[in-house]
Amino acid sequence: MSYEIKSRVDLKKQITHLVKYLDSFVGFENKGNEDITLTTSSEGNTIETQNIISCQIVNYGSESDKVNEYKVFNFCHQEKDKYSIELLKFFKSAKNKSILSICKFDPQNDDGIWYKDRKHSDTVQKYSLEYMERDTVAKYERFENDDHCVKQWDNWVKLMFKIYPTAASVFVKNLTLPIESKSDFNLYSGIFLTFACQLNFKQIGIIGRICETLLQEIAFKNLIPTLYTDMQRQATKAAISQVMARNMSHNIGSHVLSRLVTPDRILEIINYKPNNYER
Amino acid sequence: MNGNIFKIYKSLNIPANNELDGVSLFSIFNSYQKSRMDFLADITFGEPTLENTRLFFSEIMADLDKNRILLEYISGTHDFEFQFVIRNVINCDDKCKKEPCSETCKKCIIMDTSNDIGVSIPNDVLGCHAFYLILENIIRNCAKHNSTFNKPLRLYIDFDECATEDEFYEVKIYDNIEKNNLSGLIISQNEKLNSNLLESGKLRSGAWGLIEMEASAAYLRKKPIELINDEEFKIDISNNQSYYPPKKNGEGNNQPNFLKAIGYHKHYGYRLFLLKPKELLIVISQDKIEDINSLKPENLARLRKQGIKLCIVNNENEENLNLNNVYAFPIMLFYGTKADYEKFVIPNITGLPNRQLVYFAGKKSFVKSRFAQKIEKTEIEFILKILAEDTPKKLINYIWKNWLLKQLAYLGLKISSGFWRSSFSKINIEPEYFSDQDFDESFIVDLSDHGISGCLKMLNLNSQENQNAINDDIFAALNGANSFNVNTGLRNQISYSEPYNSKDYFLLKKVLKNKAKEFPDTIEEHDFPALCRLIEGSVTTIYIIDERLQELAENTTYRPEQKAGNTSEGLQFTDLLFCTNVIIPLSGKESTKIRRQDNNSRKFNLNETSFNEIKDKTIIYLRSLVKTKSEKEYDKNKADFLLIHLGVLEKLITATKWPAGKDDIGVKKFIEEQILQNKNVETKIIIISGRGKPHNMPPGYLYLNFSIVSQYCIENRLKYFLNEVVYSSKKI
């Protein structure tokens, strides 16, 4: 699935298209107003839509590890292919290691929000990585991968700033949805935004919450039916494995191997000479 | 079975197998168990991608028949005697087709290779176990549910064409017990097959044998086993004959059932579908499609039935070549543009056949390769001509002949006229297949009965004690010029030498014209690809880096049958394999008889817990085996196929503290950067493992299950089959 923004000039219209698209997709409420505002009740923390330059959403599951199975919703209007590759590289490196680690170790339990503004783009903000560094030596190997991830992240940020010269800050919200009945399966969703303004910490929090709701809705609405089928099939496969293990134990274990457990019987067979006892 | 004396019960009428002694029976039983466990790991973790052709009677059933310990006890009942009868009714008339249990027609009863039927088996020996598992269940059920019958019970396995699907054989398995009121039993069994495995989220109770039989039937079709509960594969209970689910408003993508209980007159049985042999994949560019326009739909159907698939690249229809699919054909012909080859073949190289004949339209350059041989314009014209003539067998034979001669020419070898004319003078092939210009005296293939003494003489291991050995083996040797005058045991002078155990290999017995008189002494047309593969196997260099096989090969001895009093020590398998160009590095623990040179004389104990001490020399050794595409001269000491155990790679990764880790990408990077050194290589790397589908299998690499490799290196050691499986290996 893809959505392509036609014109870069009419930013308000673009965001309207985006929200309409999301509306048809995830049930996001569209107020029928072109001036879409991402806001909460907290006064003074409103972000006008014209400040949002770009928005990208990525969904993927841990069992869908092939690049062509990634569901990339690319709302980028230029350098689309290049951008997608960078984004996927970022996720590829982050998926199993860093994002999960950050989610796990984030002291504020603020599920994987990364924010970086142009002013400080030369410094890496890796608060959770620092936490890991001082945490334990056992995590050292993982840190190397995280470092690699940060490098990917930096590359992506640089690319965003290159694509959007007016961008002042880049924001990513990552969400992990563990599916309890399927312990090794997680759904991941990421939303990537670029803003024409600097964001303060309150605004980051607000955007984070809005994005979280959005991502959850997208994930559940689009991936759960597939997931249900997958789970049903996996359960069937597990049941077959259960049956085959039991049957092997019963058929060969109880009926064949059980007759070969005494030294006398083994000797009898070992001493067998061709043609002596043939029926 | 009276509990006191172990008896042998033969399920097939194969005289050669009388000679199995008690120790051999145990080893066969353990090997069977090992393969069964690997099959269970495989069936529960993934879908098979590899496929190759096995003769049903001579290979699949004969192997089961050897497992006398299992056959003796599997029924779980005292004195339960049974015998398999295999019938191929494809070319018989209605009398045979409609009459179960008939054994009067000599044409359809399969008793040897003369009318044996080839089937395509997923994952080689593991797929065989899927079939064995179905038979074990049927034997047990027969013993459990039939109290009175004439001994021995006869179990019939009937092969027929599938009426609606070109790529399947319809296989019926039933017994000779006549039952009244079968319909109730059939409905009840089919209802069980149709019912869900899961009831309220839990495994249903009972009818578990049917579950594993149906799952095994799905495995034999290369379908995910979890599909056995899908609507697409449900059984139409109201129609005994129907292959498909009941039609619901004509919708859905219904496919033939995996397993169905059927009534065959008064006999109860099961019906499943086995894959037909895949023979040839033809890939054609869109702009060359007019060259095959003369093919009528009925020609195409006939080609499909004979295992020939046509794929058009750049085409939107279903015949399009899919980059993600695996095409389990033994050989491929590409006819089209270089751009299409680079766009559609190269990116999916491990999903396509490892043998490729390639013709680029126009004057595009073609880089010679061991695995992709260029064919000439006159040759492609000839191929198109045979294609239009609608003679699939002729086409397949021509392709194989072309491939073999190109392979040999690539290695600087030619077929000797002596070989062809003396040993195979009765080949019934049209003259254009073998013109005299193909022959040259510089190459000799000697396939005759030299026995072990001849074998040892060739290896310069001849001694007085070996003179007493009985010449009961066929000895096959492929030699370079003047190699009959060798004075040393070095491999450089003898390219290939291998004793074949003529007792076991029916196909080879036929191909090699064994002294056994009961088999035909002419090579029929359909054996020709097998003969080509036999010779191809002799020039394929395979290196195996696996600690289990290293240990097994060094601790297993080949001992031919000997006269009384002969004390010949025999030959270590590691030496024997070395003579067949299957090279396993020496551990240094055991002394060997064959002298090795250069890198092959280095010693690595792959069973070391840690590779800290040997990591550097192991990596250097692996690098030395890899042939790069830039090397012009063919070096037979380098690997055509390099098989590496995933566990060995993991040990190397740990020892070298490889920064990218041991996950799939880490392993892939390790291979590419440390072993292949980022070079464009000719050598095919195959990962071997017994873990089912390993979680860290490097993407895009070829894969083989350990059991399959072990089977043809140790238990049923034969280069012919090992060559077959390495060439059949695919990505997973």
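In the predicted model, six strands of chain B form an open sheet with mixed pairing, in the order S21-S18-S22-S23-S24-S25. Strand S21 (582-583) and strand S25 (730-731) of chain B occupy the edges; each has a single partner strand, so one side of each is left without a neighbour in the sheet. The pairing of S21(B) with strand S18 (residues 542-545) of chain B is parallel and comprises two bridges. Within this pairing, B:Tyr543 has B:Ile583 of S21(B) as its bridge partner. Strand S22 (residues 641-645) of chain B, a further member of the sheet, has the highest mean pLDDT among the elements of chain B, at 97.

The largest nonpolar core contains 176 residues. The members that touch the most others are B:Val283, B:Ile399, B:Ile544, B:Leu643, B:Ile686 and B:Val709. Helix H5 (residues 125-145) of chain B makes the greatest contribution to this core, supplying 11 residues. Another core lies apart from it and has 13 residues, including A:Ile52, A:Phe171, A:Val172 and A:Phe195. Beyond its neighbours within four places in sequence, B:Val283 contacts B:Cys311, B:Val313, B:Leu321, B:Met332, B:Phe334, B:Gly336 and B:Val345.

Two helices of chain B illustrate burial. Helix H15 (residues 528-538) of chain B is mostly covered, with 10 of its 11 residues buried. Among the buried residues of H15(B) are B:Phe528, B:Leu531 and B:Ile535, together with B:Arg533 and B:Glu536. Helix H22 (residues 719-728) of chain B contains B:Phe721. B:Phe721 is classed as buried because 24 other C-beta atoms lie within 10 Å, the cut-off being 20 or more. When neighbours within four places in sequence are left aside, the contacts of B:Phe721 are with B:Tyr712 and B:Asn716. Between B:Phe721 and B:Glu191, the C-alpha to C-alpha distance is 41 Å, and the separation in sequence is 530 residues.

Confidence was examined for the complex and for chain B. The predictor assigns the complex an ipTM of 0.81 and a pTM of 0.73. The average pLDDT of chain B is 79, and 77% of the residues score at least 70. Helix H12 (residues 417-423) of chain B has the lowest mean pLDDT among the elements of that chain, at 35. Residues 416-456 of chain B stay under a pLDDT of 50, and the model has 75 contacts beyond four places in sequence for them. Residues 458-494 of chain B likewise remain under 50, with 95 such contacts. Where pLDDT is low, the predicted coordinates should not be read in detail.

Notes: Residues numbered from 1 in each chain as written. Chains lettered and ligands numbered in written order. Predicted model: local features only at pLDDT ≥ 70, side-chain atom pairs only at ≥ 80, totals over all residues. pLDDT = per-residue confidence, 0-100. Helix = DSSP H or I, 4+ residues; strand = E, 2+ residues; numbered from the N terminus. Contact = placed C-beta atoms within 7 Å. Core = buried A, V, L, I, M, F, W, Y, C linked by C-beta atoms within 7 Å. Buried ≥ 20, exposed ≤ 12 C-beta atoms within 10 Å, placed from the backbone. Pairing = 2+ DSSP bridges.
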